[in-house]
Amino acid sequence: DSFINQLKIQSHLLEVIIHQVESLYVENENKEIISNKNHFEKIQLVKKMIDEDLSKNHSISELAKAVGTNEQYLKKHFKQYYGKTVMNYITEMKMEHAKKLILIGNHRISDVARLTGYKHPTHFTTAFKKYFGIIPNSLRYTFLIAHEGVQAIPEILSSITLF
């Protein structure tokens, strides 16, 4: 009877220890174990700040201060957790957002530049071309031509008479 009680106590202690360890560790998006959950939450907060306002030009210094850490820590751990630097992540998010805005077709390129934090459309165009290998207007025209072509197919088919 005392042996069974000892086993119960040991299993409860193991549960408590496991719970404590789980509260200290967390997995990132790549299923890698992160040793300090509090630090990971700071990095997640930085990512959220970036994602929430792509029209803002965040600096690493400003982001680090906002979450209560230093620049070196932020740069090191952001790359560790997300596999890319803070600035690469910001650029990627801005360019993907810009691409969506361009393909929707409701905005001029200068508006897209402003909505992604660029003061000058020429700087935006240069960054867009560097990222995608094509200028924004070319993307828009390519999409429009492809879209118009798909819409024109039924008209073309209806005009063809079969013998």
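Helices here are DSSP runs of at least four residues, numbered from the N terminus. All the close-ups below come from a predicted model.

**View 1. Phe78 and Tyr82 pair up within helix H4.** Helix H4 covers residues 71-82, and these two sit 4 residues apart in it, about one turn of the helix. A search of the whole structure turns up 7 aromatic pairs. In this one, the ring centres of Phe78 and Tyr82 are 4.9 Å apart and the planes meet at 50°, so we call the pair tilted. Phe78 is buried, because its relative accessibility is 0%. Tyr82 comes in at 12% relative accessibility, so it counts as buried too.

**View 2. Tyr131 and Phe132 make an edge-to-face pair.** Their ring centres lie 4.8 Å apart with the planes at 80°, which is why the pair gets that label. How exposed is Tyr131? With 33% relative accessibility, Tyr131 is partly exposed. Phe132, at 26%, also counts as partly exposed.

**View 3. Pull back a bit and an aromatic cluster comes into the frame.** Tyr118, Phe124, Phe128, Tyr131 and Phe132 form this one cluster. Look at Tyr118 for an extra: the charged end of Lys94 sits over its ring, 5.9 Å from the ring centre.

**View 4. Phe3, Ile4 and Leu7 make a nonpolar patch on the surface.** The patch amounts to about 310 Å². Leu7 belongs to helix H1, which runs over residues 2-24. Its relative accessibility is 42%, so Leu7 counts as partly exposed.

**View 5. Helix H2 holds a salt bridge between Lys47 and Asp51.** Side chains of opposite charge can pair when their charged atoms come close. Here the closest N and O atoms of Asp51 and Lys47 are 3.4 Å apart. Both residues lie in helix H2 (residues 37-52), 4 residues apart, or about one turn. Lys47 is buried at 18% relative accessible area, while Asp51 is partly exposed at 31%.

**View 6. Lys48 and Glu52 bridge along helix H2.** Their closest N and O atoms are 3.8 Å apart, and the two residues are again 4 residues apart, about one turn of the helix. Lys48 is partly exposed at 48%; Glu52, at 59%, counts as exposed.

**View 7. Arg108, Asp111 and Arg114 are tied into a salt-bridge network.** Between Asp111 and Arg108, the closest N and O atoms are 3.3 Å apart. Asp111 is buried, with 16% relative accessible area, whereas Arg108 is exposed at 56%. Over the structure, the salt-bridge count comes to 7.

Methods. Residues are numbered from 1 along each chain as its sequence is written. This is a predicted model: local features need pLDDT of at least 70, side-chain atom pairs count only at pLDDT 80 or more; totals for chains, interfaces and linings use all residues. Side-chain values use heavy atoms; hydrogens and water are left out. Rings of Phe, Tyr and Trp (its six-membered ring) pair if their centres lie within 6.5 Å; planes under 30 degrees apart count as stacked, over 60 as edge-to-face and the rest as tilted. Buried means under 20% relative accessible area, exposed over 50%, partly exposed in between (1.4 Å probe, protein chains only). A charge sits over a ring if NZ of Lys or CZ of Arg is within 6 Å of the ring centre and within 35 degrees of the ring normal. Patches are made of residues with over 30% relative accessible area and no salt bridge: like charges are joined within 9 Å, nonpolar side chains (Val, Leu, Ile, Met, Phe, Trp, Tyr) within 5 Å. Accessible areas come from the Shrake-Rupley method with a 1.4 Å probe; for residues, only the protein chains shown count as cover. A salt bridge is a side-chain nitrogen of Lys or Arg within 4 Å of a carboxyl oxygen of Asp or Glu.
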